[in-house]
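The following exercises invite the reader to examine a single protein chain step by step. Each task is followed by a worked solution.

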Amino acid sequence: MAFLIITAMVLIPTFLFLFIGGKMRDKFVFEKVGNEGIVDVNDAVKFLRRNEKTEYTSGVLYLTNRRLIFFKYRFNWIGIIPFIGEAFISIFIDKNILVEIPLHQIYDYTFKGKITYYNNRSKEEGITTFYTKDGEEIQFDIYTMELINNKKPDILIALDRVRKTLDNPNAFVPNTQ
């Protein structure tokens, strides 16, 4: 009986914070340029490094039709509390852009999914490195539910689709020559 009560005391606030965090992420407003729209969002992202400067920060990665934008969570230190802390930090997004990559500057990217098994648990990493035309390397850990099937995250699939339209400006109007 005590196990059920403790489980409920952990699960109910966790789901409540995740629900509120999803609503906050959907209503989050940032400055956009003309006719820029959000294509995809991933809130299970960690910014790892830019060139040689290493940083381990959780946040939200937005893909628009013009750029990739990463906003960090304000109270990352609360994430040390299992389940509840990780769900709670998703409510508070910092308004300052931590990383911004214009899509026309992305030369290429690599995605390497890696699952490491320990005694009774596993650690999943979806290391994504973006290479820009300026020679920068920007690395993220983008979580995906189907990493065991070696599936790329949805935000990277959407990025491929958007980059094809950047290479072909007539992609939305195919009959124009």
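Of the 177 residues of the chain, 36% count as buried, where buried means under 20% relative accessible area, exposed over 50%, and partly exposed in between (1.4 Å probe, protein chains only). The model is predicted, so that local features need pLDDT of at least 70 and side-chain atom pairs count only at pLDDT 80 or more, while totals for chains, interfaces and linings use all residues. Residues are numbered from 1 along each chain as its sequence is written, and side-chain values use heavy atoms, with hydrogens and water left out.

**Exercise 1. Describe the overall architecture of the chain.**

Step 1. Helices (H or I, at least four residues) and strands (E, at least two) are DSSP runs, numbered from the N terminus. The chain contains 3 helices and 7 strands.

Step 2. Read from the N terminus, the order of the elements is α-β-β-β-α-β-β-β-β-α.

Step 3. Along the principal axes, the C-alpha atoms fill a box of roughly 70 × 35 × 35 Å.

Step 4. A contact means heavy atoms within 4.5 Å. Among contacts between residues at least 6 apart in sequence, 57% join residues at least 24 apart.

**Exercise 2. Determine the surroundings of Asn 42.**

Step 1. Asn 42 belongs to strand β1, which covers residues 38-50.

Step 2. Asn 42 counts as buried because its relative accessibility is 11%.

Step 3. Leaving aside residues up to four places away in sequence, Asn 42 touches Gly 59, Val 60, Leu 61, Ile 142, Tyr 143, Pro 153 and Ile 155.

Step 4. A polar atom of the Asn 42 side chain lies 2.9 Å from the backbone nitrogen of Ala 44.

**Exercise 3. Analyse the aromatic pairs of the structure.**

Step 1. Rings of Phe, Tyr and Trp (its six-membered ring) pair if their centres lie within 6.5 Å; planes under 30 degrees apart count as stacked, over 60 as edge-to-face and the rest as tilted. A search of the whole structure finds 6 aromatic pairs.

Step 2. One of them is the tilted pair of Phe 47 and Phe 70, with 6.0 Å centre to centre and 40° between the planes. This pair links distant parts of the chain, since Phe 47 is in strand β1 and Phe 70 in strand β3 (residues 67-73), 23 residues apart.

Step 3. Phe 47 is buried because its relative accessibility is 4%, and Phe 70 is buried because its relative accessible area is 0%.

Step 4. Tyr 62 and Phe 71 form an edge-to-face pair, at 5.8 Å centre to centre and 85° between the planes. Tyr 62 is buried at a relative accessible area of 1%, and Phe 71 is buried at 0%.

Step 5. Ring pairs also join Phe 47, Phe 70, Tyr 109, Phe 130 and Phe 140 into a cluster.

**Exercise 4. Explain which parts of the chain are joined by salt bridges.**

Step 1. Side chains of opposite charge can pair when their charged atoms come close. A salt bridge is a side-chain nitrogen of Lys or Arg within 4 Å of a carboxyl oxygen of Asp or Glu; the count by this rule is 6.

Step 2. Arg 50 and Glu 136 meet in a salt bridge of 3.2 Å, N to O. Arg 50 lies in strand β1 and Glu 136 in the loop between β6 (122-132) and β7 (137-142), so the pair ties together parts that are 86 residues apart in sequence. Arg 50 is partly exposed at a relative accessible area of 26%, and Glu 136 is partly exposed at 23%.

Step 3. The side chains of Arg 67 and Glu 100 form a salt bridge of 2.6 Å, N to O. Here Arg 67 is in strand β3 and Glu 100 in strand β4 (residues 93-102), 33 residues apart.

Step 4. Arg 67 is buried, with a relative accessible area of 9%, whereas Glu 100 is partly exposed at 38% relative accessibility.

Step 5. Glu 36, Arg 67 and Glu 100 are linked in a network of salt bridges.

Key: Polar contact = N/O pair within 3.5 Å; in protein donor to acceptor, adjacent residues only side chain to side chain.
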